Amino acid sequence: MRELRLDPYVTDVLMRDLIGHDRAPSTFAVFLWLWRQTHAQGRTSIGASLQDIARATGVSKSSVQNAVRRLKRRRLITAERDGATVAPVYRVNETWKR
């Protein structure tokens, strides 16, 4: 198992904002999983279905869907699809590093 290094912003600001202010801990879990699968692995994006993310995080599929919607609205992630039946490709945006 490789060590996971987080930007302090993720735990000091984003976690408090998503869990405390938005009352959406599942959104933080989804963000953290997507970040782990991309930035922590040296990748820029990952293709994953809502069900894949739900299985990996232990969050219901509908909660993942809401989390993705919230993360996209905050511009913390982008999601692109090649077709209606193809799993989205997610990119995590580290907007705090501008």
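This passage describes the sheet, the helix packed on it, the largest pocket and several individual residues of a predicted model.

The strands of the model form an open sheet. Three strands take part in it, in the order β1-β3-β2, and their pairing is antiparallel. Strands β1 (46–47) and β2 (77–80) stand at the edges; each has a single partner strand, so one side of each is left without a neighbour in the sheet. Strand β3 comprises residues 89–92 and is joined to β2 by 4 bridges, the two strands running antiparallel. Within this pairing, E80 stands opposite V89 of β3, and A79 stands opposite Y90 of β3. The pairing of β1 with β3 is also antiparallel and consists of 2 bridges. Here G47 is the residue that stands opposite V89 in β3.

In a regular strand, side chains alternate between the two faces of the sheet. The residues of β3 can be divided by face: Y90 and V92 belong to the covered face, whereas V89 and R91 belong to the uncovered one. The sheet is also in contact with a helix. Strand β2 and strand β3 are joined by 4 bridges, and helix α2 (residues 25–37) packs on the sheet, touching β1, β2 and β3. The direction of helix α2 makes about 95° with that of β3.

The environment of I77 illustrates the contacts made by an edge strand. I77 is found in strand β2. With a relative accessibility of 1%, I77 lies under the 20% limit and therefore counts as buried. When neighbours within four places in sequence are left aside, the contacts of I77 are L34, V68, L71, K72, Y90, R91, V92 and N93. One of these contacts is V92; the C-alpha atoms of I77 and V92 are separated by 4.4 Å, although the two residues are 15 residues apart along the chain.

Two further buried residues, one in helix α2 and one in helix α4, are in contact with each other. T27 is found in helix α2, and A67 has its place in helix α4. T27 is buried, its relative accessible area being 0%. A67, at 1% relative accessibility, likewise counts as buried. Residues up to four places away in sequence not being counted, T27 touches L18, A67, R70 and L71. For A67, with neighbours within four places in sequence left aside, the contacts are S26, T27 and V30. A separation in space was also computed for A67 and R43: these residues are 24 residues apart along the chain, and their C-alpha atoms are separated by 21 Å.

Helix α4 also contributes to the largest pocket. The volume of this pocket is about 170 Å³. Its lining is formed by L50, Q65, V68, R69, K72, A79, R81, P88 and Y90. Helix α4 (residues 61–73) supplies the largest share of this lining, namely 4 residues. Classified by type, the lining comprises 5 nonpolar, 1 polar and 3 charged residues. Some residues of the lining have already been met in the sheet: A79 and Y90 line the pocket, and A79 stands opposite Y90 in β3. K72 and V68, which also line the pocket, are among the contacts of I77.

Q65, another residue of the lining, has its place in helix α4. Its relative accessible area is 39%, and Q65 is therefore partly exposed. Q65 and V30 are 35 residues apart in sequence, while the distance between them in space is 9.7 Å, C-alpha to C-alpha.

Two loop residues were considered for their backbone angles. Most residues other than glycine have a negative phi. In R23, phi is near 55°, a positive value in a residue other than glycine. R23 has its place in the loop between α1 (8–21) and α2. At 68% relative accessibility, R23 counts as exposed. In R75, phi is near 65°, again a positive value in a residue other than glycine. R75 has its place in the loop between α4 and β2, and R75 is exposed, with a relative accessible area of 61%.

Technical notes
Residues numbered from 1 in each chain as written. Predicted model: local features only at pLDDT ≥ 70, side-chain atom pairs only at ≥ 80, totals over all residues. Heavy atoms only, no water. Pairing = 2+ DSSP bridges. Contact = heavy atoms within 4.5 Å. Axes fitted to C-alpha atoms, helices over the stretch in contact; angles between N-to-C directions. 1 Å grid on protein atoms, 1.4 Å probe; cavity = no way out; pocket = protein on both sides within 12 Å on 5 of 7 lines; lining within 4 Å. Points joined across faces, edges and corners; volume = space filled by probe spheres on them. Nonpolar A, V, L, I, M, F, W, Y, C, P; charged D, E, K, R; others polar. Buried < 20%, exposed > 50% of the residue type's maximum accessible area, 1.4 Å probe, protein only.
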